[in-house]
Structures are given as structure tokens and as C-alpha cells.
Amino acid sequence: MIDLDLVDDVIDVTGERCPLTYVYTKLALERLPSGDILTVYLQGNAAVSNVPRSVREDGHDVVLLECLDLGIHKLQIRRK
């Protein structure tokens, strides 16, 4: 698990509709320098399936994907 002190940016897109979750995630990643870590909070099966796959396809490193309470998922991504 990543130490939260090392996380460089956090976005919460719970309640947003896929594919917008990926758009928000992509825009947030573009603001980060290479190697920085983004934490994203996701809700909904489509977002949890699509966003991690999409960021991997873009070459980013998914370092954590865990389910929290109430169907919210926490995703941590290291920017390539």
C-alpha cells in the first residue's frame, strides 16, 4: 500500500458516470509530473472496470485498487 504522504493529488469522482470518470482521471494525471501518484475514488461497476484498464493502456502504473465501504473503490495510479 502507498503511504498517503507520498500521494501527490486526489480526485473524487464517486457518483460520476462512466466514461466521464476516465476523462476526469486522465485530466488529473496530465497535471502531475512523471512518477507522481494520483488517488481516485470511484463508484460503480463500469468505472471500476474501465478506469484501471484504461490507465494501464495509457502506460500508467496502477499501484492500488481496493474496495472501501458502500461500493466506493480507491485507485492509486503512478503517472508514467
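How much area does the protein chain expose, and what share of it do carbon and sulfur atoms supply? In this predicted model, the exposed area of the protein chain is about 4700 Å², and 50% of that area is supplied by carbon and sulfur atoms. The mean pLDDT of the chain is 86, with 91% of the residues at 70 or more. Among the elements, the highest mean pLDDT, 96, belongs to strand 3 (residues 61-67), whereas the lowest, 83, belongs to strand 1 (residues 9-12).

The protein chain contains 2 helices and 4 strands, which follow one another along the sequence in the pattern β-α-β-α-β-β. Its radius of gyration is 11 Å, close to the 12 Å that the globule rule gives for 80 residues, so the chain is as compact as a globular protein of that length. Taken along the principal axes, the box filled by the C-alpha atoms is roughly 30 × 25 × 15 Å. Of the 80 residues, 40% count as buried. Contacts between residues at least 6 apart in sequence were also examined, and 65% of these join residues at least 24 apart.

Two strand pairings were considered. Strand 1 and strand 2 pair in the parallel sense, over 4 bridges, and here isoleucine 11 stands opposite valine 40 of strand 2. Strand 3 and strand 4, by contrast, pair in the antiparallel sense, over 6 bridges; cysteine 67 stands opposite histidine 73 of strand 4. Strand 3 and strand 4 form a hairpin with 4 residues between the strands. Leucine 70 is located in the loop that separates these two strands, and has a positive phi of about 60° although it is not a glycine. With a relative accessibility of 81%, above the 50% cut-off, leucine 70 counts as exposed.

The largest nonpolar core comprises 16 residues, of which Leu38, Val40, Leu42, Val55, Leu75 and Ile77 touch the most other members. Two or more residues of this core are given by each of helix 1, strand 2 (37-43), helix 2 (45-57) and strand 4 (72-78). Helix 2 provides the largest share, 4 residues. In strand 2, 5 of the 7 residues are buried, so this strand is largely enclosed by the rest of the structure.

Threonine 39 is placed in strand 2. Its relative accessible area is 1%, so threonine 39 is buried under the 20% cut-off. Leucine 29 lies 10 residues from threonine 39 in sequence, and the C-alpha atoms of the two are 9.8 Å apart in space. For leucine 42, with neighbours within four places in sequence left aside, the contacts are Val13, Thr14, Thr21, Ala47, Val48, Val51, Gly71, Ile72, His73 and Leu75.

Threonine 25 belongs to helix 1 (residues 20-31). Because its relative accessibility is 0%, threonine 25 counts as buried. When neighbours within four places in sequence are set aside, threonine 25 is in contact with Ile11, Leu38, Val40, Val51, Val55 and Ile77. Among these partners of threonine 25 are Leu38, Val40, Val55 and Ile77, which are also listed among the core residues that touch the most other members. Another partner of threonine 25 is Ile11, the residue that stands opposite valine 40 in the pairing with strand 2.

Is isoleucine 72, a residue of strand 4, buried or exposed? Its relative accessibility is 17%, and because this value is under 20%, isoleucine 72 counts as buried. Outside its neighbours within four places in sequence, isoleucine 72 is in contact with Thr14, Tyr41, Leu42, Gln43, Glu66 and Cys67. Thr14 likewise appears among the contacts of leucine 42. Cys67, in turn, is the residue that stands opposite histidine 73. Isoleucine 72 and valine 55 are 17 residues apart along the chain, and a distance of 18 Å separates their C-alpha atoms.

Methods. Residues are numbered from 1 along each chain as its sequence is written. This is a predicted model: local features need pLDDT of at least 70, side-chain atom pairs count only at pLDDT 80 or more; totals for chains, interfaces and linings use all residues. Side-chain values use heavy atoms; hydrogens and water are left out. pLDDT is the predictor's confidence in each residue, from 0 to 100. Buried means under 20% relative accessible area, exposed over 50%, partly exposed in between (1.4 Å probe, protein chains only). Contact means heavy atoms within 4.5 Å. A nonpolar core is a set of buried Ala, Val, Leu, Ile, Met, Phe, Trp, Tyr and Cys residues joined through side-chain atoms within 4.5 Å. The radius of gyration is taken over C-alpha atoms; the globule rule is 2.2 Å times the number of residues to the power 0.38. Accessible areas come from the Shrake-Rupley method with a 1.4 Å probe; for residues, only the protein chains shown count as cover. Two strands pair if DSSP finds at least two bridges between them.
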